[in-house]
Amino acid sequence: MSKAAENWPPEDTEPATPHPDAPPSGTELGEHYSQCFGCGDDVESGLHIRSMIASDMTVVSKFTVGKDHQGAPGLAHGGLLACAFDEALGSTVGNLLRRPAVTARLETDFVRPVPVGSTLHIAAKLDGVSRRKTYVSAEGRLDAEDGPVAVRARGLFVTVGVEHFTKHGDADAISQFRDVRQAAGQDWDINP
Ligand SMILES: CCCCCCCCCCCCCC(=O)SCCNC(=O)CCNC(=O)[C@H](O)C(C)(C)COP(=O)(O)OP(=O)(O)OC[C@H]1O[C@@H](n2cnc3c(N)ncnc32)[C@H](O)[C@@H]1OP(=O)(O)O
């Protein structure tokens with residue numbers, strides 16, 4: 001099978017336009033939801049990913065592989081790495097565009113093994129927008145921003161209404177989530 005990249009984005013797109021209220025470069029992003037497997041502090045065996053706005057088109061994230069994240073002994077599970085990229089890509093779309101969006105498609109290329117104890121430095125960028133579709137891609141480098149590439153990912157996020165979450169999710173949890181965010185002076189309805 002050819003390793004040649006297919007066209008990306010796979011259709012004509014417009015450049016992404018960052019939301020005027022997107023956080024400025026250098027902003028450290030905390031958890032977006034305490035129960036999120038990707039970033040939530042309350043999920044003990046979660047990924048505890050932390051992200052920072054790097055520019056109006058890019059977000060950088062760090063994920064340190066723990067013992068709960070193994071597939072083969074001593075190595076990160078591939079599906080779990082895909083999860084880390086889902087979080088990093090979703091955070092990029094959510095924070096820069098400030099639109100509720102969900103992952104519709106996620107592709108990952110695993111280039112080299114990722115050992116337990118290593119930190120993936122994930123740099124994600126907005127690649128283009130077509131109607132409700134946002135294309136975003138990322139590279140994850142081992143143990144340093146300029147370390148060797150271990151994983152690449154590309155995703156399609158589709159903008160949805162807030163009712164996507166209230167209809168399909170846990171209405172009580174979403175209500176509590178809204179209260180917590182409003183008490184902190186934050187919008188609640190961006191990306192539950
Ligand atoms: C302050 C802000 C903080 C924010 C922090 C946030 C951090 C977040 C971090 C969390 C990160 C974790 C995030 C998560 O884990 S999100 C959780 C995982 N994802 C889901 O659960 C999504 C489930 N899927 C759906 O709900 C629906 O299928 C959606 C909503 C996606 C589309 O159903 P809908 O009926 O609404 O729309 P449509 O079907 O007309 O499609 C619309 C367009 O999209 C195109 N299309 C659709 N699917 C695909 C596909 N597979 N490949 C290629 N294209 C696809 C489709 O052709 C069409 O194109 P076009 O005809 O317009 O050309």
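**Notes on the predicted chain**

1. A good place to start is the contact pattern: of the chain's contacts between residues at least 6 apart in sequence, 66% join residues at least 24 apart. Please keep in mind that this is a predicted model. Its mean pLDDT is 93, with 94% of the residues at 70 or more, and the scores are ipTM 0.97 and pTM 0.95.

2. Next, the overall dimensions. For 192 residues, a compact globule would have a radius of gyration near 16 Å, and the chain agrees because its own value is 16 Å. Along the principal axes, the C-alpha atoms occupy a box of roughly 45 × 40 × 30 Å. Buried residues account for 29% of the 192 in the chain.

3. On to the fold order. The chain holds three helices and seven strands, and reading from the N terminus the elements run β-β-β-α-β-β-β-β-α-α.

4. Helix H1 deserves a look of its own. H1 spans residues 78–97, which makes 20 residues, and the distance from its first C-alpha to its last is 28 Å, close to the 28 Å expected at 1.5 Å a residue. Is H1 mostly covered or mostly open? Mostly covered: 16 of its 20 residues are buried. As a reminder, an α-helix has 3.6 residues a turn, so residues three or four places apart point the same way. Just after H1 comes Arg98, whose phi is positive, at about 50 degrees.

5. Now for strand E5, residues 119–130, which has two pairings to follow. With strand E3 (residues 58–64), E5 pairs in the antiparallel sense over seven bridges; one of these links Phe63 to Leu120 in E5. With strand E6 (residues 133–142), E5 pairs over ten bridges, again in the antiparallel sense, and here Val129 has Thr134 of E6 as its bridge partner.

6. The turn between E5 and E6 is worth zooming in on. These strands make a hairpin with two residues between them. Which residue in the turn has a positive phi? Arg131 does, with a phi of about 50 degrees.

7. Finally, a word on the annotation. An unreviewed UniProt entry carries the label "domain: Thioesterase" for residues 74–141. I would treat this as a label from the record, since such annotations may be inferred rather than shown by experiment. Over residues 74–141, the chain is 29% helix and 46% strand, and the C-alpha atoms at the two ends are 18 Å apart.

Notes
Residues are numbered from 1 along each chain as its sequence is written. This is a predicted model: local features need pLDDT of at least 70, side-chain atom pairs count only at pLDDT 80 or more; totals for chains, interfaces and linings use all residues. pLDDT is the predictor's confidence in each residue, from 0 to 100. Helices (H or I, at least four residues) and strands (E, at least two) are DSSP runs, numbered from the N terminus. The expected span of a helix is 1.5 Å times one less than its number of residues. A residue is buried if 20 or more other C-beta atoms lie within 10 Å of its own, exposed if 12 or fewer, and partly exposed in between; C-beta atoms are placed from the backbone. Two strands pair if DSSP finds at least two bridges between them. The radius of gyration is taken over C-alpha atoms; the globule rule is 2.2 Å times the number of residues to the power 0.38. Two residues are in contact if their C-beta atoms, placed from the backbone, lie within 7 Å.
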